[in-house]
Amino acid sequence: MKSIRIGTRNSALALWQAREVARHLQNNNYLTEIVPIVSSGDKNLNQPLYSLGITGVFTRDLDIALLNDEIDIAVHSLKDVPTQLPQNIEMIAYLERDYPQDILIRKESARNKEFHELKLATSSLRRRAFWLRNYPTTDFSDIRGNIQTRLQKLEDGNFDATILSLAGIKRMKMEIDYEMLPLMISAPSQGVISVAGHTDKPEINEIVRQINHNPTQICVEIERNFLSTLEGGCTAPIGAFAEIIGDQIRFKAALCSLDGKNCIAVDENFVYTPTENFGEKFAKVVLENGGKELMAEIKSQI
Ligand SMILES: NCc1[nH]cc(CCC(=O)O)c1CC(=O)O
């Protein structure tokens, strides 16, 4: 049989994640090939991106490569994947989530500062809002780029610390001091590697479905249904985390104003039933309890 072409972005983290998917497929005796996609621009597509439903900045090049049959599957950090997938693209598998949390990384010179004294660098509305909820006077700078770039900017820049995903740090095997941040609720589906495929390739999708981790799928679907019900296409400070504890699911989530002053939170334990859309249900509760007005306020501010 031909090897399965695994498309990935070209960053160190993305390549690690693609190799992780390859490893799972190889364990099931399938041949794989990693295909790094640099940036295909919009080449070879005879339709405009919007008409295909292609939106995500991190996912668009891989979506195009899938639709052009340059790859069989695409590996993503699920949290970077828009909740609305393009036409003819479907999520096929989710690997087991390992480290969902956000962490604080500070530079040596800020070692002895209290949390409320730190100057922080993050471009995430969610990380900013959840931090401000606890430390409202904190000064923020923007920081962008992959993990390595951000850590370099932390060393060079005029700020004390940054907030990153623990999953990324663990995957890159970085020997670095960090602090857990229980004040944060992670981004919906943070720490989960997902595999997307083309709806016209049922044989490949069937093979890839075998590496799916069902408990992870259950949790991220709740988180992402919560997100998509709240957002309606707009980005907002939203954290959502579901985990299976015994025979129950614990779901913690919050929608916050940009300054963190107004947060509408959810903290629920329930028995899972596949027929019920819990994410949507809890999002509707949030919307009815001031979330609708808060979303409108956020949309007008960003
Ligand atoms: N948007 C950036 C991004 N997308 C996925 C990860 C790491 C892996 C993950 O958290 O799923 C990161 C880095 C970060 O948030 O620190």
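Contact here means heavy atoms within 4.5 Å. The model is predicted.

**Exercise 1.** Describe how helix 8 and helix 9 pack in this model.

*Solution.*
Step 1. Locate the elements: helix 8 spans residues 214-231, and helix 9 spans residues 278-301.
Step 2. Take the geometry. The two axes come within 8 Å and cross at roughly 35°. The crossing of helix 8 past helix 9 is right-handed.
Step 3. List the partners. Helix 8 contributes I222, N225, F226, T229, L230 and E231. On helix 9 they meet F278, G279, E280, F282, A283, K284, V286, L287, M295 and K299.
Step 4. Sort the contact residues by class: 9 are nonpolar, 3 polar and 4 charged.

**Exercise 2.** Work out which residues surround the ligand, and how they divide by class.

*Solution.*
Step 1. Collect the shell. It holds L13, S77, K79, D80, R127, R150, L164, S165, R171, Q190, G191 and V192.
Step 2. Classify these residues. The shell has 3 nonpolar, 4 polar and 5 charged members.

**Exercise 3.** Find polar atoms of K79, S165 and G191 that approach ligand oxygen atoms, then state how much of the ligand is buried.

*Solution.*
Step 1. Start with side chains. K79 places a polar side-chain atom 2.6 Å from a ligand oxygen. For S165, a side-chain N or O atom is likewise 2.6 Å from an oxygen atom of the ligand.
Step 2. Turn to the backbone. A polar backbone atom of G191 lies 2.7 Å from a ligand oxygen.
Step 3. Finish with area. The ligand alone exposes 390 Å², and the protein buries 90% of that.

Technical notes: Residues numbered from 1 in each chain as written. Predicted model: local features only at pLDDT ≥ 70, side-chain atom pairs only at ≥ 80, totals over all residues. Heavy atoms only, no water. Axes fitted to C-alpha atoms, helices over the stretch in contact; angles between N-to-C directions. Helix = DSSP H or I, 4+ residues; strand = E, 2+ residues; numbered from the N terminus. Left-handed = near helix turned anticlockwise from the far one by under 90°. Nonpolar A, V, L, I, M, F, W, Y, C, P; charged D, E, K, R; others polar. Near = heavy atom within 4 Å. Polar contact = N/O pair within 3.5 Å; in protein donor to acceptor, adjacent residues only side chain to side chain. Areas by Shrake-Rupley, 256 points an atom, 1.4 Å probe, with all protein chains shown as cover.
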